[in-house]
Every structure is written in structure tokens, then in C-alpha cells.
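Please follow this explanation with the coordinates open, moving from individual residues to the packing of helices and the nonpolar core.

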Amino acid sequence: MRIDLGGATGTVEVTVVGEVDFGTVPWLEAELAPVAARAETLRIRLAGVTFFDAAGAGALVHCTRVCRARDARVVLVEPAASVRRILDVTGLSRILDIES
């Protein structure tokens with residue numbers, strides 16, 4: 001998994017590439033935590049994710065909760081089919097902000 005951070009003041013874009021699973025989620029959460037604590041809008045680009053499981057979904061939910069608690073916004077951008085499938089099956093696609 002690879003994570004790239006970028007963005008302007010207030011908005012931070014995170015690009016996630018590769019596998020997001022039980023083994024890589026701790027690293028993803030460690031990278032997202034400081035960003036979630038300060039960004040007004042956090043855009044998480046997921047088009048390059050090749051594998052995604054429930055652990056990844058849990059990490060996105062946690063990040064979203066942290067941001068919403070301080071009235072910040074999380075947008076999942078262009079989720080890959082593997083990501084979208086998990087979000088749809090779990091019902092998370094109805095409560096998370098997704099840009100296709």
C-alpha cells in the first residue's frame with residue numbers, strides 16, 4: 001500500500017494505492033489520524049486500491065467519525081470496484097460521502 005498526501009489549506013487529499021486489509025490498516029490509520037485531526041475537508045482518493053476488506057472499511061468509518069466530531073468533512077473519491085463493493089454490502093455507501 002502507498003499513501004500520498006497533498007492539498008491546499010483546509011482541504012487535504014490522500015491518495016491510497018494498493019491493498020487495504022488487516023495487515024495494512026494500522027499504517028493507514030496512522031497516516032490518516034493527524035490529517036483527520038486538522039483538515040476541514042479530507043478527500044480520500046481510492047481509485048488505486050486493488051484489494052479492500054472490512055478492516056479498511058472500519059478505518060474509513062473511524063476517520064469519518066473523528067472528522068465529523070469536529071464538523072469536518074470526509075469525501076471518498078472514485079472508490080475502486082473492490083472498495084465500492086464492500087461499502088455497498090455493508091450499507092456504508094448510504095452514510096459516507098462518495099464522489100464517483
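Glu78 counts as partly exposed because its relative accessibility is 37%, where buried means under 20% relative accessible area, exposed over 50% and partly exposed in between, computed with a 1.4 Å probe on protein chains only. The model is predicted, so that local features need pLDDT of at least 70 and side-chain atom pairs count only at pLDDT 80 or more, while totals for chains, interfaces and linings use all residues. Residues are numbered from 1 along each chain as its sequence is written, and side-chain values use heavy atoms, with hydrogens and water left out.

Glu78 lies in the loop between strand 4 and helix 3, helices (H or I, at least four residues) and strands (E, at least two) being DSSP runs numbered from the N terminus. Its phi is near 45°, a positive value in a residue other than glycine. Most residues other than glycine have a negative phi. Asp71, in the loop between helix 2 and strand 4, also is not a glycine and has a positive phi of about 60°. Asp71 is exposed, with a relative accessible area of 75%.

Thr41, by contrast, belongs to strand 3 and counts as buried at 19% relative accessibility. Leaving aside residues up to four places away in sequence, Thr41 touches Gly10, Thr11, Val12 and Arg73, contact meaning heavy atoms within 4.5 Å.

How, then, do the helices pack? Helix 1 (residues 25–36) and helix 2 (residues 54–69) meet at an angle of about 15°, with their axes 10 Å apart. That angle makes helix 1 roughly parallel to helix 2, a term that applies to angles under 35 degrees. Axes here are lines fitted to C-alpha atoms, for helices over the stretch in contact, and angles run from 0 to 180 degrees between N-to-C directions. On the side of helix 1, the contact is made by Val25, Leu28, Glu29, Leu32 and Ala36, and on that of helix 2 by Ala55, Gly56, Ala59, Cys63, Val66 and Cys67.

Turning to the largest nonpolar core, a set of buried Ala, Val, Leu, Ile, Met, Phe, Trp, Tyr and Cys residues joined through side-chain atoms within 4.5 Å, one finds 31 residues, of which Val14, Val16, Leu42, Ile44, Leu46 and Leu76 touch the most other members. Two or more residues of this core come from each of strand 2 (11–20), helix 1, strand 3 (41–52), helix 2, strand 4 (73–77) and helix 3 (81–90). Helix 2 gives the largest share, six residues.

Note on methods. Parallel < 35°, antiparallel > 145°, perpendicular 65-115°, else oblique.
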